[in-house]
Amino acid sequence: MVAGETGVAPMMSMLRQITAPGEGREVTLCFGVNSADDLFFVEELNALARAIPQLDVRIAVAHGPSPTGISQGLVTDLIGGRSLSGHDVYLCGPPAMADSARRMAIGLGAAPDNIIAERFVAAVAAA
């Protein structure tokens, strides 16, 4: 799972459903924000990771200082170099982030049909 900014909200909903203890499904959530001021859900995510051994939570701040335990850089930096062949990949966030993460996932072996993405769209002002 790769989430940018508020894209983590739908991921939280899925995590609460698919990561029940003992289920056996391994899940990695990569969550990124622009600045430390944009962080939210951090305590809840860390609590879920402590309660569910098969959940790996990775968090990054793109700009400015990052709090202790949180990486500095882009959310896509958190994906890592392991094979994603046979994995489902969920993406939610700004279009540039979702597109970049999709390219990375395919490059790491994820089948395009196994990538589910929700790209944010810009609001259009009413005329």
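Biologist: What makes a residue part of the lining of the largest pocket, and which ones lie nearest its centre?

Modeller: A pocket is an open set of points on a 1 Å grid over the protein atoms alone, where a 1.4 Å probe fits and protein lies on both sides within 12 Å along at least five of seven lines; lining residues have an atom within 4 Å of a point. In the largest pocket, 17 residues make the lining, with Met1, Thr28, Arg82, His87 and Asp88 nearest the centre. Strand E2 (27–33), strand E5 (89–93) and helix H3 (95–107) each give two or more lining residues, and E2 gives the most, with 3. Helices (H or I, at least four residues) and strands (E, at least two) are DSSP runs, numbered from the N terminus.

Biologist: Where does all this come from?

Modeller: It's a predicted model: local features need pLDDT of at least 70, side-chain atom pairs count only at pLDDT 80 or more, and totals for chains, interfaces and linings use all residues. Residues are numbered from 1 along each chain as its sequence is written, and side-chain values use heavy atoms, leaving out hydrogens and water.

Biologist: How much space lies in the largest pocket, and how much in the second largest?

Modeller: About 370 Å³ in the largest pocket and about 250 Å³ in the second largest, a volume being the space filled by probe spheres set on the grid points, which are joined across faces, edges and corners. The second largest pocket is lined by 16 residues; Asn34, Leu74, Val75, Pro94 and Met97 are the closest to its centre. H3 gives the most to that lining, with 3 residues.

Biologist: Why is Gly64 called partly exposed?

Modeller: Its relative accessible area is 42%. Buried means under 20%, exposed over 50%, and partly exposed in between (1.4 Å probe, protein chains only), so Gly64 with its 42% gets the middle label. Gly64 is in the loop between strand E3 (55–61) and strand E4 (71–72).

Biologist: How do you know that E2 and E3 pair, and in which sense?

Modeller: Two strands pair if DSSP finds at least two bridges between them. E2 and E3 have 7 bridges, so they meet that rule, and the sense is parallel. One bridge links Gly32 to its partner Ala60 in E3. Helix H2 (residues 42–51) packs on the sheet and touches E2 and E3 (contact: heavy atoms within 4.5 Å).

Biologist: What makes E4 an edge strand?

Modeller: E4 pairs on one side only, and so does strand E6 (115–119). The open sheet of 6 strands runs E4-E3-E2-E1-E5-E6, with parallel pairing.

Conventions
Axes fitted to C-alpha atoms, helices over the stretch in contact; angles between N-to-C directions.
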